[in-house]
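How do the helices of this protein pack against one another, and which residues make up its nonpolar interior? The paragraphs below start from the interior and then turn to the helix pairs around it.

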Amino acid sequence: MSRGCARWLIAVAFLAPSAALAQTDGQATQRGAAWLESLSIGTVGQQADAIVALAAAGRSRASLEPRLTTLSASASAYATTAGGAGKVVLATIAAGGNPRALAGVDYIARIERQYSAGRYGVTAYDQALSMLALRAAGAPTPAAAVTALRAARGKGGWGFALRRTSPDDVSATGLTIEAMRAVGVSKTDPGLKGATAWLVAQVNTRGGFGIDGRGRATEANATAIAIQALRAMGRTPATTTRRVLRKLQEADGGFRFTATSRESRLLATLDAVVALSGHRLPPPY
C-alpha cells in the first residue's frame with residue numbers, strides 16, 4: 001500500500017463517523033417530515049409548528065403555501081397571546097408569506113401590542129417566541145426585553161412562568177437561549193454561558209434531557225430544544241444526545257414523547273425534526 005493511500009484511509013476513518021452521523025440525522029429528519037405531511041393537522045399552533053418543521057426539513061415554500069392558506073383562515077382567533085402571534089409569524093416567514101398582512105392581519109403589530117415594560121405576554125414561551133418572531137421579521141426588539149430576561153433568570157436557567165422563583169426547566173431555558181442569541185446577545189455573555197452550563201448539567205446518563213432536568217428520563221421535546229439551544233451557542237450537540245433523540249423515532253417516522261410513553265407524537269415530532277435538521281430558530285434557515 002502506498003503512503004498516499006494509507007493517509008487517505010486514515011482520513012476516511014476519522015471523517016466517516018461524523019459524516020455517517022450527519023447522514024443518519026438527515027434520514028431521521030426526512031422520515032419525520034414525511035410523517036408530518038401525512039397528517040391532517042387541525043389546530044393553528046400545531047399547523048404553524050409543522051410549517052416551521054417542514055421548512056427546516058427542506059420543503060419548498062410552494063409546497064407550504066396550502067398549509068399557510070389553511071393557517072391564515074383561523075390564525076386571527078388563535079393568535080390572541082404574544083406566543084400565539086409569534087408562532088404565526090414564524091410559520092408565515094418560513095412559508096414565504098408576509099406576517100404584516102396575512103389574510104389582512106398584521107401579526108407583528110399583535111406581538112408589539114402585548115409588550116409592556118420589557119415583557120411580551122406572561123410566560124417564557126410568550127417572551128421567547130415573540131423575540132424570535134420579531135427577529136425573523138426584521139423588526140426591532142427593545143433592549144428592555146433582554147433586560148427583563150436577565151432579571152427573570154432563576155438559579156441556573158429559566159422557568160415557564162419567567163420568574164426568578166419559578167423552577168428552572170430545560171425547555172424554557174433552551175428556547176430563551178435561542179431567543180437571546182437571535183436578537184444579538186453574545187454567546188460569551190456571562191448570563192447565557194451560565195444558563196448553558198446549567199442546561200448541559202441536566203443531561204441524563206444516556207445523553208438525553210427531560211423538561212425538569214436533573215438527569216430525568218429522555219423526552220423528545222426537551223432533548224430537541226436543548227440541541228437547538230446548544231447550536232445557538234455555537235456548540236456541536238453531543239452525538240449521544242442526537243442518537244438518543246433518534247431512538248425515539250418509530251417505524252412510521254413519528255417520534256415518541258419518551259421511550260415508555262407515546263403521549264403526543266405530533267408535538268414530539270415537530271420539535272425533533274427541527275433539531276435533527278441541523279437548524280435552529282428562527283426561520284428562514
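**Nonpolar cores and the helices that pack on α12**

In this predicted model, the largest nonpolar core holds 71 residues, and those touching the most other members are L36, I51, L71, V88, Y107, W158 and I177. Helix α2, which spans residues 44–56, gives the most to this core, contributing 9 residues. Leaving aside residues up to four places away in sequence, L36 touches A53, L54, R67, L266, T269, L270 and V273. Apart from this core lies another one, of 11 residues, among them A220, A224, I227 and A268.

Two packed helices are described by the angle between their axes and by the distance between those axes. For α2 and α12 the angle is about 25°, with the axes 8 Å apart, and because angles under 35 degrees count as roughly parallel, α2 is roughly parallel to α12. The crossing of this pair is left-handed. On the α2 side the contact is made by Q46, D49, A50, A53 and A56, and on the α12 side by L266, L267, L270, V273, V274 and S277; by class, these are 8 nonpolar, 2 polar and 1 charged residues.

Helix α12 (residues 265–277) also packs with helix α10 (residues 220–232), at an angle of about 25° and with the axes 8 Å apart, and α10 and α12 are therefore roughly parallel to each other. Their crossing is left-handed. Here A220, N221, A224, I225, I227, Q228 and R231 of α10 meet L267, A268, D271, A272, V274 and A275 of α12, a contact whose residues divide into 9 nonpolar, 2 polar and 2 charged.

Key
Residues numbered from 1 in each chain as written. Predicted model: local features only at pLDDT ≥ 70, side-chain atom pairs only at ≥ 80, totals over all residues. Heavy atoms only, no water. Axes fitted to C-alpha atoms, helices over the stretch in contact; angles between N-to-C directions. Helix = DSSP H or I, 4+ residues; strand = E, 2+ residues; numbered from the N terminus. Parallel < 35°, antiparallel > 145°, perpendicular 65-115°, else oblique. Left-handed = near helix turned anticlockwise from the far one by under 90°. Contact = heavy atoms within 4.5 Å. Nonpolar A, V, L, I, M, F, W, Y, C, P; charged D, E, K, R; others polar. Core = buried A, V, L, I, M, F, W, Y, C linked by side-chain atoms within 4.5 Å. Buried < 20%, exposed > 50% of the residue type's maximum accessible area, 1.4 Å probe, protein only.
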